[in-house]
Amino acid sequence: MRELLKELRERSLSAIAGAESAEALDALRVQYLGKKGELTAVLKQMGKLSAEERPAMGQLANELRAAVEQRLEEQKKRIGEKALELKLSAETLDVTIPGAEAKLGVRHPMYQVLDRMKEIFIGMGFEVVEDREVELAEYNFDKLNESPNHPAREWTDTFYFTEDSSVLLRTQTSPMQIHVMERQQPPIRMVAPGRVYRKDEIDATHSPMFHQVEGMAIDKGITMADLKGTLSEVARQLYGGETVTRFRPHHFPFTEPSCEMDIQCYRCRGRGCPTCKGEGWIELLGAGMVHPKVLSGCGIDPEVYSGWAFGFGLERLALAYYKISDLRLIFENDVRFLEQF
Ligand code: PHE
């Protein structure tokens, strides 16, 4: 029996020392110390011993139980420490490793110019409105006093949705004049930026989609002088205080009289250079006094109210503002280009 206990001691203690998990330890505890465990099995044989041998064996058995229990405790602690160590090393944070850079985008240069424009107009008491890009021909043409055979109505120039040419992608932001006047009686001061569409091949100066900004002021006693004063002031705020503007007569069906506004070339100051193609002036926008027919068509009495409107291409303005030569750069969204602004 002494031999049995000795063998059990060696075997159990080394098995426990090799256990690597709490579950394995539990299983060993049951195997050695459990009710049906190996030590119990040995103790059951005590009855066969002589009376002299029994106390010594009993003591040995008790020592063995104590040793196994102690080893179980020690091993449990060791397993716990090891688990903690593993966890800590897995979670180690090296604060000296450079972080992954979160790249911040930039606002598209054209929208930066638009934001600047909006600020200028808001500062003058204008409201910014945006609306649909899919338009009725009625609003894109008819209510703007465009004749039924105006060339812009051709299928070769305009994107239509319906066979009868009644629904289209707006070719200009001018229908916004109509929407605002139908919604609201004067005084009106609004700017309406947005996308417009024309069937143009894409090249350095054309794109089938581009942006316009429409503007309008309607009130009692508004004259052409207000138009010139306001637009000249906007040009000065945008391009600098010395900016010189010029107004040339023009024709639009929905304004009378109509004009175009140029600014003196900011690069050569009017002497003529490649930027202004030797002209000394850069064409910026179309404008005019809102036609009485257009006013009355929207339920505004042209005998009481008058007003002006303008429209310009935003890409063209942004190109000039940043001195960029090719319109396509605006749309390609090459970050190497966009990041420069
Ligand atoms: N809608 C005109 C265009 O696209 C511009 C314009 C707007 C002219 C408002 C006069 C008044 O060319």
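**View 1. Lining of the second largest pocket in the predicted model.** Tyr 111, Leu 114, Lys 118, Glu 130, Asp 131, Glu 133, Arg 170, Pro 193, Gly 194, Arg 195 and His 211 line the second largest pocket of this predicted model. Two elements, α5 (109–123) and β4 (188–197), each give two or more residues to this lining. By class, the lining of the second largest pocket holds 3 nonpolar, 2 polar and 6 charged residues. The volume of the second largest pocket is about 150 Å³.

**View 2. Surroundings of the ligand.** The ligand is surrounded by 14 residues. The closest of them are Gln 172, Ser 174, Arg 198, Gln 212 and Glu 214. The side chain of Gln 172 places an N or O atom 2.8 Å from a nitrogen atom of the ligand. Ser 174 has a polar side-chain atom that lies 2.8 Å from a nitrogen atom of the ligand. For Arg 198, the partner is an oxygen atom of the ligand, 3.2 Å from an N or O atom in the Arg 198 side chain.

**View 3. Gln 75 and its contacts.** Gln 75 sits in helix α4 (residues 53–90). Is Gln 75 buried or exposed? Gln 75 counts as buried because its relative accessibility is 4%, and buried means under 20%. A polar atom of the Gln 75 side chain lies 2.8 Å from the backbone oxygen of Ala 19. With neighbours within four places in sequence left aside, Gln 75 is in contact with Ile 16, Ala 17, Ala 19 and Leu 25. Ala 19 thus appears both in the contact list of Gln 75 and as the residue whose backbone oxygen lies 2.8 Å from the Gln 75 side chain.

**View 4. The largest cavity.** How many cavities of 30 Å³ or more does a search of the whole structure find? The search finds 1. The largest cavity has a volume of about 80 Å³. Its lining comprises 13 residues, and those closest to the cavity centre are Met 117, Val 234, Leu 284, Leu 285 and Phe 312. Four elements give two or more residues to the lining of the largest cavity: α5, α8 (224–239), β8 (281–290) and β9 (306–313). Helix α8 contributes the most, with 5 residues. Which classes of residue make up the lining of the largest cavity? The lining has 13 nonpolar residues, no polar residues and no charged residues.

Definitions and conventions. Residues numbered from 1 in each chain as written. Predicted model: local features only at pLDDT ≥ 70, side-chain atom pairs only at ≥ 80, totals over all residues. Heavy atoms only, no water. 1 Å grid on protein atoms, 1.4 Å probe; cavity = no way out; pocket = protein on both sides within 12 Å on 5 of 7 lines; lining within 4 Å. Points joined across faces, edges and corners; volume = space filled by probe spheres on them. Nonpolar A, V, L, I, M, F, W, Y, C, P; charged D, E, K, R; others polar. Buried < 20%, exposed > 50% of the residue type's maximum accessible area, 1.4 Å probe, protein only. Polar contact = N/O pair within 3.5 Å; in protein donor to acceptor, adjacent residues only side chain to side chain. Contact = heavy atoms within 4.5 Å. Near = heavy atom within 4 Å.
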